[in-house]
Amino acid sequence: MSGPDGATYDEFSLFADNASEVGLPWTGPPTVRRQSVEVAPGRRISALVWGTAEPEILFLHGGGQNAHTWDTVALALDRPLVAVDLPGHGHSDWPGDARVLDPQAMADDVAVAAAALAPRARMVVGMSLGGATSIALAGRHPERVPRLALIDITPGVTREKSSDIAAFLAGPETFASFDEILERTIQFNPTRSESSLRRGVLHNSVQREDGTWTWRHQLGRPAEASGLHVGSVDFGPLWDVLEGIGVPVLLVRGALSPVVDDADEAEFHRRRPADRSVTVADAGHSIQGDQPVELARILSEFIAEDAG
């Protein structure tokens, strides 16, 4: 695939930019490969596998994102891990039914991929839609979730709280140029640097044969997926699932994000009084994009607790 300047797009060529932007030391390209797993006949889930050792962490991104949203966090963690493209996102196939953004159905797909790629992961990290999916994963496949970090998501998300996400995802399906698709992304992400967003759009978009650009998650999308996003699906029943999870759960919320509010955090603690929450300053909904090094520090501390 070509990039906006006509050069061939290489999804593994941007890691030095990720490191440089946040001041991480650069000693050379990390070992990362793309691998896919068949989760149903003719349908595959794709993922980025970091490192050569047994993966310690499984990452699930938010709606409209892809596995590369975790790149800077992965560099900062410097641990073997797997970042999954959720069904219908990144390089993963869309399921061809009305359950396209149902966390329960997505969790079943993720469980198959996790068993193949990260069978002994010590922690699952889920952001937004990926967080809802990880709650369902813990409920349906508890052997896959030894501890859980929820990134700016609770089952209390509503259409109102996620209205900015909805507005962004409801935009045009095609764009005349890469600059146009980037400009819209900048408009809806005021807390992020342009260089960070440019990398994100490179990973999350594709140029069509007619020269226009579209999002990867638009490709092959079934009609019933149109208009679906975090907030359009009722996550409320997941409160009971979350309450029943028998492993440690950490809630990480962005101080500038409307998606998780004080009432959600209070309900989290009411349901799980032994667990804790952390608020990240100067971060919106996508904490991994706004404060990736701080998020990596928080996750490192949380996973270290299982060895204590």
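1. Arg-297, at 38% relative accessibility, falls in the partly exposed class, where buried stands for under 20% relative accessible area, exposed for over 50%, and partly exposed for what lies in between, with a 1.4 Å probe and protein chains only. Its salt-bridge partner is Glu-294, and the closest N and O atoms of this pair are 2.6 Å apart; a salt bridge here is a side-chain nitrogen of Lys or Arg within 4 Å of a carboxyl oxygen of Asp or Glu. The two residues, Arg-297 and Glu-294, are about one helical turn from each other, because they sit three residues apart in helix 11 (residues 292–304). Helices (H or I, at least four residues) and strands (E, at least two) are DSSP runs numbered from the N terminus. Glu-294 also counts as partly exposed, its relative accessibility being 28%.

2. A network can be added to that pair: Asp-240, Glu-243, Glu-267, Arg-270 and Arg-271 are joined into one by salt bridges that share partners. One member, Asp-240, belongs to helix 8 (residues 238–244), and Asp-240 is classed as exposed because its relative accessible area is 54%.

3. Before going further, the basis of these values should be stated. The model is predicted, and local features need pLDDT of at least 70, while side-chain atom pairs count only at pLDDT 80 or more, and totals for chains, interfaces and linings use all residues. Residues are numbered from 1 along each chain as its sequence is written, and side-chain values use heavy atoms, with hydrogens and water left out.

4. As for the overall form, the secondary structure of the protein amounts to eleven helices and ten strands. The C-alpha trace spans about 55 × 45 × 40 Å along its principal axes. The radius of gyration of the protein is 18 Å, which agrees with the value near 19 Å that a compact globule of 308 residues would have; this radius is taken over C-alpha atoms, and the globule rule is 2.2 Å times the number of residues to the power 0.38. Of the 308 residues, 54% count as buried.

5. Under the salt-bridge rule, the count for the protein comes to 22. One of these links Arg-120 with Glu-54, with the closest N and O atoms 3.4 Å apart. Because Arg-120 lies in the loop between helix 3 (103–117) and strand 5, and Glu-54 in the loop between strand 2 (43–50) and strand 3 (57–60), the pair ties together parts that are 66 residues apart in sequence. Arg-120 is exposed, with 57% relative accessible area, whereas Glu-54 is partly exposed at 36%.

6. A further salt bridge joins Asp-262 and Arg-253, whose closest N and O atoms are 2.9 Å apart. The two partners fall into separate accessibility classes: Asp-262 counts as exposed, at 57% relative accessibility, while Arg-253 counts as buried, with a relative accessible area of 9%.

7. Two residues deserve a look at their backbone angles. Asp-78, although not a glycine, has a positive phi of about 55°, and it is placed in the loop between helix 2 (71–77) and strand 4 (81–84). Ser-128, another residue that is not glycine, likewise has a positive phi, near 55°, and its place is in the loop between strand 5 (123–127) and helix 4 (129–140). Their surroundings can be set side by side: Asp-78 is exposed, because its relative accessible area is 69%, whereas Ser-128, at 2% relative accessibility, is buried.

8. Two pairs that are separated along the chain may be checked through their C-alpha distances. Asp-240, the helix 8 residue of the network above, is 85 residues from Pro-155 in sequence, yet the two C-alpha atoms are 9.2 Å apart in space. Arg-216 and Gln-65 are 151 residues apart along the chain, and their C-alpha atoms are separated by 9.0 Å. Arg-216 is placed in the loop between strand 8 (213–215) and helix 8, and the residue counts as buried because its relative accessible area is 10%.
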